Amino acid sequence: MASSLVFPSAPRNQISRRIPRVASSLASNASTSSKEVVVVGGGIAGLAVSLALHRLGVSSLVLEQGSTLRTGGTSLTLFKNGWRVLDSLGAGDELRQNFLPVKGMIMKSNDGRELRAFSFDEEAPGQEVRAVERRVLLETLANKLPPSTISYSSKVKSVNAQGKEGTMLELEDGRKILANIVIGCDGVNSPIAKWMGFPEAKFVGHCAFRGMAHYPDGQPFESKVNYIYGRGLRAGFVPVSPSKIYWFICFNSNSPGPKNTDPSLLKKEALDLVRDFPSDLQDIIRNTQEDIIIKTPLVDRWLWPGLTPPAYRNGVVLVGDAWHPMTPNLGQGACCALEDSVVLATKLSGSIGKGQDAVNQALREYANDRWPRVFPLTVRANLVGSLVQWDNPLVCALRNGVLIPKIVRLGPFLEHTNFECDLLEPVGSS
C-alpha cells in the first residue's frame, strides 16, 4: 500500500566547496529512474553507510533533503568504537588531526567540589575519546564519496512497495526512483521508520542545551571531560580543539515544552539553569555565540522483541537513529550509527546482484547481529540518565558521597565501547 511521507524542512547551512553534490540532476521532474541502492538521509549514518558500500565496490545514491549538508548542531563525543569504524572508512587519521585526545574525566558537585577524577590511560587502557565537530565529521565523510553520490534538495514525499520490483520513492519535485534497496538513515523522526510501522521515539523526561564556545586566543582548559551534578540538573564540558569547548546542560522536564528558536532567550535560559554551578561553566556559555546554542528534548525507542517491527522489510532497512534513537548518556548514538554502517555494508555487499532473497537474507543478518548490541545500550543509556538526574536531596547526597567517589569504575563502565571491525580496503587497492 502506498504511503505519503513528508519530511520536515532542513536548514540551509553552507559547507566546503570540495564536498560532492548533485544539483538534482537525476532526471526531469516527471521521469522515473532506477537505482540499486538508495540511502535516504545525508547525516552521519547515511554518509557512513554510503562510504562503506563505496569502499566495498557498491555504488549508492544519497538523497539529502537540504540544499547542502545539514551541518548544524555542535559536537559529538566519539569513543574507541567510533574511531575504529572511522579508521575502517579511511577517515580516522584525517579527523584526528583536528581534534584533541581527551585524557580523562573529572566529576564535580554543583558547588565545585571534586567527587572523582579518572585517567583513561590508567583506568581504561586503549580507550580513545575525542569530541568532534559534527560539521567537520560530515564534510570529511562526504568528501570521500564520488562526486555523483549525493543528491541535494531531494526530499522524499512517499514510499511505495513494488513487490519484487523494489521500492518506489517519490520526491517532492516530482521525480521517482525505483530502488532495489532503500536504506533509511533519516534520523529520530524517520518517515521511513514510520512507514515500516515503528512508533515515534518517546520523550524520556529530560531536555538538553548544547553549545560550542570559541576562544580565538586559545581555550584554557585541560583536555578532560568535566561533569557537574546538581539536583535534577547536570552539566558538562570538554575541549574539542585548542580554541573550542563543547558544553551541555541536561535538566528534568515534564514535557518537551514549546520550541524556542530565539537565540538570545536560549542563552539566557541556559545561564539561568546553571547560575549556582561553577563559574568556569558559566564563562564557557558566555563565550558561545547565541546562534550556536540549541535546545532539544531527549528521546529514545526501545526495540522490544516480538513487539517492535524488525529493522528490515522487503529491501528496506533502517540504520542509526532511524532505527534505535538513544539518549546521549553513554555517548553512543553516533558510535552505534557508525557501527551499523560497516556491519550493514559488509553484509549487503555480497548480496548485490543475487536477487531479492539474497538481499533480504543480508538485511536479516544485519538486524540479527545489531539488535543484541543496540537494544541493551538504549536501555542502559536511559537508566544511566535517570540515575544521574535524581532530584531527591538525600539520594543526591548518596550519589555524591558514596556512589561516584567509591563505587563507580571507569574501565567496566566503558566495556560497551569494545567493538571490532575489519578495515574496508577500497576495491582495486593493492
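These legends describe the whole chain and then several close-up views of a predicted model. Residues are numbered from 1 along each chain as its sequence is written, and side-chain values use heavy atoms, with hydrogens and water left out. Because the model is predicted, local features need pLDDT of at least 70 and side-chain atom pairs count only at pLDDT 80 or more, while totals for chains, interfaces and linings use all residues.

**View 1. The whole protein has twelve helices and 18 strands.** Helices (H or I, at least four residues) and strands (E, at least two) are DSSP runs, numbered from the N terminus. The radius of gyration, taken over C-alpha atoms, is 22 Å. The globule rule (2.2 Å times the number of residues to the power 0.38) also gives 22 Å for 430 residues, so the protein is as compact as a globular protein of that length. Its C-alpha atoms fill a box of roughly 65 × 45 × 40 Å along the principal axes. Buried residues make up 54% of the 430. Buried means under 20% relative accessible area, exposed over 50%, and partly exposed in between (1.4 Å probe, protein chains only).

**View 2. Seven strands form an open, mixed sheet.** The strand order is 6-5-13-14-15-12-16. Strand 6 (114-119) and strand 16 (294-300) are the edges, each pairing on one side only. Two strands pair if DSSP finds at least two bridges between them. The twist averages 20° from one strand to the next. Helix 10 (residues 356-388) packs on this sheet and touches strand 12 (202-214), strand 13, strand 14 (233-241) and strand 16. Its direction makes about 80° with that of strand 12. Axes are lines fitted to C-alpha atoms, for helices over the stretch in contact; angles run from 0 to 180 degrees between N-to-C directions. Helix 11 (residues 393-407) lies across strand 5, strand 6 and strand 13, at about 10° to strand 6.

**View 3. Strand 13 pairs with strand 5 and with strand 14.** Strand 5 (residues 104-109) and strand 13 (residues 224-229) are parallel, over six bridges. M107 has Y227 as its bridge partner, and K108 stands opposite I228. Strand 14 runs antiparallel to strand 13, joined by four bridges. Here Y229 partners R234. Three residues separate these two strands in a hairpin, and G232 in the turn has a positive phi of about 65°. Five of the six residues of strand 13 are buried, so the strand is largely enclosed by the rest of the structure.

**View 4. The largest nonpolar core holds 106 residues.** A nonpolar core is a set of buried Ala, Val, Leu, Ile, Met, Phe, Trp, Tyr and Cys residues joined through side-chain atoms within 4.5 Å. L78, L86, L89, L141, I183 and L344 touch the most other members. Helix 10 gives the most to this core, with twelve residues. Apart from this core lies another, of 21 residues, among them L266, L271, F277 and L281.

**View 5. Q332 is buried in a loop.** The loop lies between strand 18 (316-318) and helix 9 (333-349). Q332 has 0% relative accessibility. Beyond neighbours within four places in sequence, Q332 is in contact (heavy atoms within 4.5 Å) with F79, N81, M326, R373, H416 and T417. N81 is itself one of the buried residues of helix 2 (residues 80-88). Just after that helix, G90 takes a positive phi of about 80°.
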